[in-house]
Amino acid sequence: KQWYQRRVAITAGRMQDNEPLMRALSKLVALNNPDLTLFVGEALVGNEAVDQLVKFNQSLIDNSQTAVAGTKSVIDGILLTKFDCIDDKVGAAISMTYITGQPIVFVGTGQQYPDLKSLNVKSIVSALLR
């Protein structure tokens with residue numbers, strides 16, 4: 001039998017930076033060494049989410065004992081919540097993937113687990129061209 005460990009860190013939704021929270025979460029990641037680290041951000045905040053991602057990623061690098069100098073990213077992917085409500089702010093999602101080189105793994109479109117969906121690239125392109 002193969003066993004899997006799941007580690008989930010949940011915080012209240014944030015639309016602004018919270019340095020102490022980012023440091024605490026990055027220390028948890030360094031301590032637990034998870035197989036997968038996802039940045040969870042709100043799609044509604046646009047470029048503010050890009051800034052949060054950059055700061056969180058840097059916090060992970062600063063607090064990681066295994067990060068290689070010059071590492072571009074230590075997150076493994078991105079989860080964007082409130083993706084069903086976005087409009088012209090969808091471009092931030094593209095910026096996030098470009099900056100980190102990591103994919104958007106899931107988008108949230110509601111409050112329940114079944115509301116986590118795989119990213120539909122066609123919907124992003126459609127929203128950008130509106």
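How much area does the protein chain expose, and what share of it do carbon and sulfur atoms supply? In this predicted model, the protein chain exposes about 8,800 Å², and 54% of that area is supplied by carbon and sulfur atoms. Of the chain's 130 residues, 28% count as buried.

Begin with the whole chain in a cartoon view, where four helices and four strands can be picked out, and where the elements follow one another from the N terminus in the order α-β-α-β-α-β-β-α. Among contacts between residues at least 6 apart in sequence, 71% join residues at least 24 apart.

Next, select the four strands, which form an open sheet in the order β1-β2-β3-β4 with mixed pairing. β1 and β4 (116-117) stand at the edges and have a single partner strand each, so one side of each lacks a neighbour in the sheet. Moving to β3 and β4, one finds an antiparallel pair joined by two bridges, and within this pair V107 has K117 of β4 as its bridge partner.

Add α2 to the selection: this helix packs on the sheet, where it touches β1 and β2, and its direction makes about 155° with that of β1. Then add α3, which lies across β1, β2 and β3 and runs at about 165° to β2.

Now show the side chains of the largest nonpolar core, which has 19 residues and in which F39, F56, I75, I78, L80 and M96 are those with the most contacts inside it. At least two residues of this core come from each of α1 (19-32), α2 (47-63), β2 (77-81), α3 (91-100) and β3 (104-108), and α2 gives the most, with five residues. In soluble globular proteins, nonpolar side chains tend to be buried together.

Centre the view on I75 and display its surroundings: leaving aside residues up to four places away in sequence, I75 touches T37, F39, L53, F56, N57, L60, T100 and Q102.

Finally, select E42 and K82, whose side chains meet in a salt bridge at 3.3 Å, N to O; a search of the whole structure finds one salt bridge. Because E42 belongs to strand β1 (residues 38-42) while K82 sits in the loop between β2 and α3, the pair ties together parts that are 40 residues apart in sequence. Is each partner buried or exposed? E42 is buried, with a relative accessible area of 8%, whereas K82, at 35% relative accessibility, counts as partly exposed.

Methods:
Residues numbered from 1 in each chain as written. Predicted model: local features only at pLDDT ≥ 70, side-chain atom pairs only at ≥ 80, totals over all residues. Heavy atoms only, no water. Core = buried A, V, L, I, M, F, W, Y, C linked by side-chain atoms within 4.5 Å. Buried < 20%, exposed > 50% of the residue type's maximum accessible area, 1.4 Å probe, protein only. Contact = heavy atoms within 4.5 Å. Salt bridge = Lys/Arg side-chain N within 4 Å of Asp/Glu carboxyl O. Areas by Shrake-Rupley, 256 points an atom, 1.4 Å probe, with all protein chains shown as cover. Pairing = 2+ DSSP bridges. Axes fitted to C-alpha atoms, helices over the stretch in contact; angles between N-to-C directions.
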